[in-house]
Amino acid sequence: QVQLVESGGGLVQAGGSLRLSCAASGRTFSRYPMGWFRQAPGKEREFVSAISWDGGIKNIADSVKGRFTISRDNVKNTVYLQMNSLKPGDTAVYYCAAGGFSSSRHQYDYWGQGTQVTVSS
């Protein structure tokens, strides 16, 4: 069992940066690939990025490539999403998920409660 808690969301102006964190409980965190998804009002939840259990392989959506970076610290049981050059279109609730590596949300077993990111123009 893995429990996930996201933090780091907030309100930022376009062009700004935020770093999201996802703290995981459970001693098996390091065995899980991890991912970030986001969901804007009225839209489907969409894939943002994923990272393998050891951080060696990363997957990232074209819409955020070159602006967002995923990383993890298995000692701290935490996965991060560094978001730079933010745009109003990045406004969404961001979710951390464990257990999958693909862009399909159905491949993930555990989800956090989400953290709101709002980018003003």
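What radius of gyration would a compact globule of 121 residues have, and what does the chain have? The globule would be near 14 Å and the chain has 13 Å, which agrees; the radius is taken over C-alpha atoms, and the globule rule is 2.2 Å times the number of residues to the power 0.38.

This is a predicted model, in which local features need pLDDT of at least 70 and side-chain atom pairs count only at pLDDT 80 or more, while totals for chains, interfaces and linings use all residues. Residues are numbered from 1 along each chain as its sequence is written, and side-chain values use heavy atoms, with hydrogens and water left out.

**Whole chain**

Start with the C-alpha trace, which spans about 40 × 25 × 25 Å along its principal axes. Switch to a cartoon: the chain has eleven strands and zero helices. Both are DSSP runs numbered from the N terminus, helices being H or I of at least four residues and strands E of at least two.

Next, colour by accessibility. Buried residues make up 44% of the 121 residues; buried means under 20% relative accessible area, exposed over 50%, and partly exposed in between (1.4 Å probe, protein chains only). A surface display shows about 6,200 Å² exposed, of which carbon and sulfur atoms supply 47%. These areas come from the Shrake-Rupley method with a 1.4 Å probe, and for residues only the protein chains shown count as cover.

For contacts (heavy atoms within 4.5 Å), take those with a separation of 6 or more: residues 24 or more positions apart account for 57% of them.

**Salt bridges**

Side chains of opposite charge can pair when their charged atoms come close. How many salt bridges does the structure hold? There are four, each being a side-chain nitrogen of Lys or Arg within 4 Å of a carboxyl oxygen of Asp or Glu.

Select D62 and K65. Their side chains meet in a salt bridge at 3.1 Å, N to O. D62 is exposed, with a relative accessible area of 66%.

Move to R38 and E46. They form a salt bridge whose closest N and O atoms are 2.5 Å apart. R38 is buried, at a relative accessible area of 6%, whereas E46 is partly exposed at 34%.

Then select R67 and D90, another salt bridge, with the closest N and O atoms 2.7 Å apart. R67 lies in the loop between β6 (58–60) and β7 (68–73), and D90 in the loop between β8 (78–83) and β9 (92–98), so the pair ties together parts that are 23 residues apart in sequence. D90 is buried with a relative accessible area of 2%, and R67 is buried with 10%. Show R38, E46, R67 and D90 together: salt bridges that share partners join these residues into one network.

**Strand β7**

Select R72, which lies in strand β7. Which side chain of opposite charge is nearest to R72? D54 is, at 7.0 Å, and R72 is buried yet has no salt bridge. For this purpose Lys and Arg count as positive and Asp and Glu as negative; His and the chain ends are not counted.

Display the polar partners of R72 instead. Its side chain reaches the backbone oxygen of Y32 at 2.8 Å. The side chain of R72 also makes a polar contact with the side chain of N74 (2.8 Å). A polar contact is a pair of N or O atoms within 3.5 Å; within protein, one must be able to donate a hydrogen and the other to accept it, and residues adjacent in sequence count only if both atoms are side-chain atoms. Not counting residues up to four places away in sequence, R72 touches residues including F29, P33, M34, W53 and Y80.

Stay in strand β7 and select I70. I70 is buried, with a relative accessible area of 2%. Leaving out residues up to four places away in sequence, I70 touches M34, W36, S49, A50, I51, K58, V79, Y80 and L81. Set a distance from I70 to Y110, 40 residues apart along the chain: their C-alpha atoms are separated by 18 Å.

**Strand β11**

Finish at Q116, in strand β11 (residues 115–120). Is Q116 buried or partly exposed? Q116 counts as partly exposed, at 40% relative accessibility. With residues up to four places away in sequence not counted, Q116 touches G9, G10, T91, A92 and V93. A polar atom of the Q116 side chain lies 3.5 Å from the backbone oxygen of A92. The C-alpha atoms of Q116 and Q39 are separated by 9.5 Å, and these residues are 77 apart along the chain.
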